[in-house]
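Q: I would like to learn how to read strands, pockets and cavities in a model. Can we take them one at a time?

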Amino acid sequence: MLAKGQKLDLTKNNAGLDFLKVGLGWDTNQLQGQSYDLDAEVFLLGQTNTVPSSSHIVFYNNLVSPDGSTRYKGDNRDGQGSGDDETVEIQLSRVSLDIQKIVFTVTIDEAIRKNQNFGQVSNAYIRIVNQANGAEICRFDLSEDYSTSISILAGEVYRHGNEWKFNAVGTGLTLDLAGICAHYGAM
């Protein structure tokens, strides 16, 4: 279990690690009968901390990154049930050399219109699993009070020399998906 801000070597201690599954999960409160639709997004960033193109944002409308390394595995529209609500698969050896960081965010679809925020979401987490053997490498529970946030920067996988690391970020944001896209240089 990681704490906010903690970094973990992914590949240094896991020789041959190549295929990751990144799972994101959550439970939502049902307020006023309105449904919640949380969505995971993945931003593949270059040296300048921006996406090289809008196709470097992997989510429900763009399922695969240009280099084929990162695949969004489906949109869970209600967050019901246990376990991962949305997953992303990454093959580290296929990540283009110009990509330095892979950022994972979760947004609430139509949060402003529906007056929803992450204070109404519980049991949120991000975890990384070794796809080769199914072993969970790390898990970060997003347990802060995010009642002023309509999105969360959950974590990031990034290059460190020849290795890959994970950073447990857990920052609540007041940006919707369009705002996050603009923040990372996509219009």
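Q: Which residue in β11 is the bridge partner of Tyr158?
A: First, the ground rules. This is a predicted model, in which local features need pLDDT of at least 70, side-chain atom pairs count only at pLDDT 80 or more, and totals for chains, interfaces and linings use all residues. Residues are numbered from 1 along each chain as its sequence is written, and side-chain values use heavy atoms, with hydrogens and water left out. Strands (E, at least two residues) and helices (H or I, at least four) are DSSP runs, numbered from the N terminus. Two strands pair if DSSP finds at least two bridges between them. Here, the partner of Tyr158 in β11 is Lys165. Arg159 has Trp164 as its bridge partner in β11.

Q: How many bridges join β10 to β11?
A: The count is 9, and the two strands run antiparallel. β11 spans residues 163-173. The pair forms a hairpin with 2 residues between the strands. Look at Gly161 in that turn: its phi is positive, about 65°.

Q: What is the strand order of the open sheet?
A: Read across the sheet, not along the chain. The order is β1-β11-β10-β7-β3-β4, which makes 6 strands with antiparallel pairing. β1 (7-9) and β4 (57-58) are the edge strands, each pairing on one side only.

Q: Which residues does β7 set against its neighbours β10 and β3?
A: Take the β10 side to begin with. β7 and β10 pair in the antiparallel sense over 7 bridges. Thr107 has Ser151 as its bridge partner in β10, and Phe104 stands opposite Gly155 in β10. Now the β3 side. β3 and β7 run antiparallel and are joined by 8 bridges. There, Glu41 has Thr105 of β7 as its bridge partner.

Q: Why is β10 called largely enclosed?
A: Count residues by relative accessible area. Buried means under 20%, exposed over 50%, and partly exposed in between (1.4 Å probe, protein chains only). In β10, 9 of the 10 residues are buried, so the rest of the structure largely encloses this strand. β7 is mostly covered, with 7 of its 8 residues buried.

Q: What lines the largest pocket?
A: The search runs on a 1 Å grid over the protein atoms alone. A pocket is an open set of points with protein on both sides within 12 Å along at least five of seven lines, and lining residues have an atom within 4 Å of a point. Here the lining includes Asp39, Glu41, Tyr60, Thr107, Asp109 and Asp176. β3 (38-45), β7 (101-108) and α1 (111-114) are the elements that give two or more residues to this lining. The pocket volume is about 160 Å³. Volume here is the space filled by probe spheres set on the points, with grid points joined across faces, edges and corners.

Q: How many cavities of 30 Å³ or more does the search find?
A: A cavity is a set of points where a 1.4 Å probe fits but cannot get out. The whole structure yields 1 at that cut-off. The largest cavity has a volume of about 40 Å³. Among its lining residues are Trp26, Val106, Phe118, Tyr125 and Ile152. β2 (19-28), β8 (121-130) and β10 (151-160) each supply at least two residues of that lining.

Q: How many disulfides does the structure hold?
A: Check for pairs of cysteine sulfur atoms within 2.5 Å. The structure holds 0. Cys138 counts as buried, at 5% relative accessibility. Cys181 also counts as buried, at 15%.
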